[in-house]
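Q: Could you take me through one part of this model in detail? I'd like a close look at a single spot and how the rest fits around that spot.

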Amino acid sequence: MSPDKDQDPSEPVAGSYADYLNSEHVDERIDQPRIAAAVREILLAIGEDPNRSGLKDTPARVARAYAEMFTGLHQDPSELMATTFDIGHAEMVMVKDIPFYSTCEHHLVPFHGVAHVGYIPGPEGQVTGLSKLARLVDLFAKRPQVQERLTTQVVEALEDNLHPAGAIVVIECEHLCMSMRGVRKPGAKTVTSAVRGQLRDPATRAEAMNLILSGQNR
Ligand SMILES: Nc1nc2c(ncn2[C@@H]2O[C@H](COP(=O)(O)OP(=O)(O)OP(=O)(O)O)[C@@H](O)[C@H]2O)c(=O)[nH]1
Ligand SMILES: [Zn+2]
């Protein structure tokens with residue numbers, strides 16, 4: 001699709017839901033003026049001068065960044081997963097090493113890492129587009145989160161929308177609240193998993209874990 005000459009690149013793109021997700025759309029339900037006012041207060045509270053030249057645009061800039069970082073609060077996973085198709089594949093499908101960034105709801109600093117998302121199609125054989133698995137991770141990551149809830153929400157969205165015979169989500173993250181402050185353990189990884197249906201079976205689960213671990217040198 002060639003860009004419309006008259007389209008302001010800073011404006012959300014009108015069109016399909018896919019266009020919307022591909023755009024730099026920022027949800028108007030996130031109250032940016034309120035965020036900016038709060039950030040200005042934080043700057044004052046730490047003893048900074050919010051009017052100095054380096055900081056004068058910071059409240060609005062942080063507001064735009066937060067609107068992007070928390071846009072998943074206003075996105076509906078079932079809309080994202082609306083397109084499914086039957087390609088007669090009944091075996092495991094996995095997208096692994098999906099990189100993502102999220103925000104720790106305790107300290108509002110990032111946690112980041114990779115997600116591995118897999119499922120076995122259900123009796124109707126419905127599969128979804130591979131990119132949708134990565135988009136699902138982002139949708140839930142772009143909210144104030146804890147890693148355990150993120151893991152569960154992704155697996156439950158797979159269950160609710162694809163009705164798979166089994167599903168597995170494994171997430172490996174570094175939490176900056178544990179690296180840059182507090183206990184200060186940079187490099188420590190937190191691993192969480194959520195497993196449903198046939199993937200609870202030890203042999204099937206072992207197959208999934210082999211897929212996840214293959215090619216890893218960490
Ligand atoms: N279970 C879980 N804990 C998390 C996650 N992200 C951060 N935490 C933890 O949340 C806890 C909050 O503990 P508090 O004692 O209330 O906060 P704190 O005084 O800042 O704790 P420290 O980080 O130990 O300095 C910390 O132990 C964090 O490591 C997460 O995704 N899952
Ligand atoms: Zn934290």
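Leaving aside its neighbours within four places in sequence, which residues is Cys 177 in contact with?

A: Bear in mind that this is a predicted model. Once you skip the neighbours within four places in sequence, Cys 177 is in contact with Cys 104, His 106, His 107, Val 109 and Gly 182. Cys 177 itself sits in helix α7, which runs over residues 176–179. It counts as partly exposed because 15 C-beta neighbours fall inside 10 Å, and the cut-off for buried is 20 or more.

Two of those partners turn up again in the annotation. The UniProt "binding site" record, from an unreviewed entry, covers Cys 104, His 107 and Cys 177. These residues span 74 residues in sequence, yet no two of their C-alpha atoms are more than 7.7 Å apart, so they gather at one spot.

Now look at the spot from the side of Cys 104. Cys 104 belongs to strand β2, residues 93–104. With 18 C-beta neighbours inside 10 Å, Cys 104 also counts as partly exposed. Not counting residues up to four places away in sequence, Cys 104 touches Val 109, Phe 111, His 175 and Cys 177. Val 109 is thus on the contact list of Cys 104 and on that of Cys 177.

Next, the ligand. The residues around ligand 1 are Cys 104, His 106, Val 146, Gln 147, Glu 148, His 175, Cys 177, Met 178, Gly 182 and Val 183. That shell divides into five nonpolar residues, four polar and one charged. As for where the shell comes from, α6 (147–162) and α7 each supply at least two of its residues.

α6 deserves a moment of its own. Its 16 residues should span 22 Å at 1.5 Å a residue, and its end C-alpha atoms are 23 Å apart, which agrees. Buried positions in α6 are Leu 150, Thr 151, Gln 153, Val 154, Val 155, Ala 157, Leu 158 and Leu 162. Just after α6, His 163 takes a positive phi of about 45°.

Stepping back, where does this sit in the whole chain? The protein is divided into domain 1 (17–69) and domain 2 (80–213). Taken over C-alpha atoms, the centres of domain 1 and domain 2 are separated by 29 Å. UniProt, again in an unreviewed entry, draws its own boundary: the feature "domain: GTP cyclohydrolase I" is placed at residues 35–212. That span is 39% helix and 28% strand, and its end C-alpha atoms lie 39 Å apart.

For a look at another part of the chain, try Ala 60, in helix α3 (residues 58–69). Ala 60 is partly exposed, with 15 other C-beta atoms within 10 Å. Ala 60 and Ala 36 are 24 residues apart in sequence, while their C-alpha atoms are 5.1 Å apart in space.

As for the overall picture, the secondary structure comes to eight helices and seven strands. Of the 218 residues, 26% count as buried. Among contacts between residues at least 6 apart in sequence, 70% join residues at least 24 apart. Back at the spot you asked about, the contact between Cys 177 and Cys 104 links helix α7 to strand β2, and both cysteines are among the residues around ligand 1.

Notes: Residues are numbered from 1 along each chain as its sequence is written. Chains are lettered from A and ligands numbered from 1 in the order in which they are written. This is a predicted model: local features need pLDDT of at least 70, side-chain atom pairs count only at pLDDT 80 or more; totals for chains, interfaces and linings use all residues. UniProt positions are given in the numbering used here, feature names are shortened, and annotations may be inferred rather than shown by experiment. Helices (H or I, at least four residues) and strands (E, at least two) are DSSP runs, numbered from the N terminus. A residue is buried if 20 or more other C-beta atoms lie within 10 Å of its own, exposed if 12 or fewer, and partly exposed in between; C-beta atoms are placed from the backbone. Two residues are in contact if their C-beta atoms, placed from the backbone, lie within 7 Å. A residue is near a molecule or strand if its C-beta atom, placed from the backbone, lies within 6 Å of it. Ala, Val, Leu, Ile, Met, Phe, Trp, Tyr, Cys and Pro count as nonpolar, Asp, Glu, Lys and Arg as charged, and the others, Gly among them, as polar. Domain bounds come from an automatic or database domain assignment. The expected span of a helix is 1.5 Å times one less than its number of residues.
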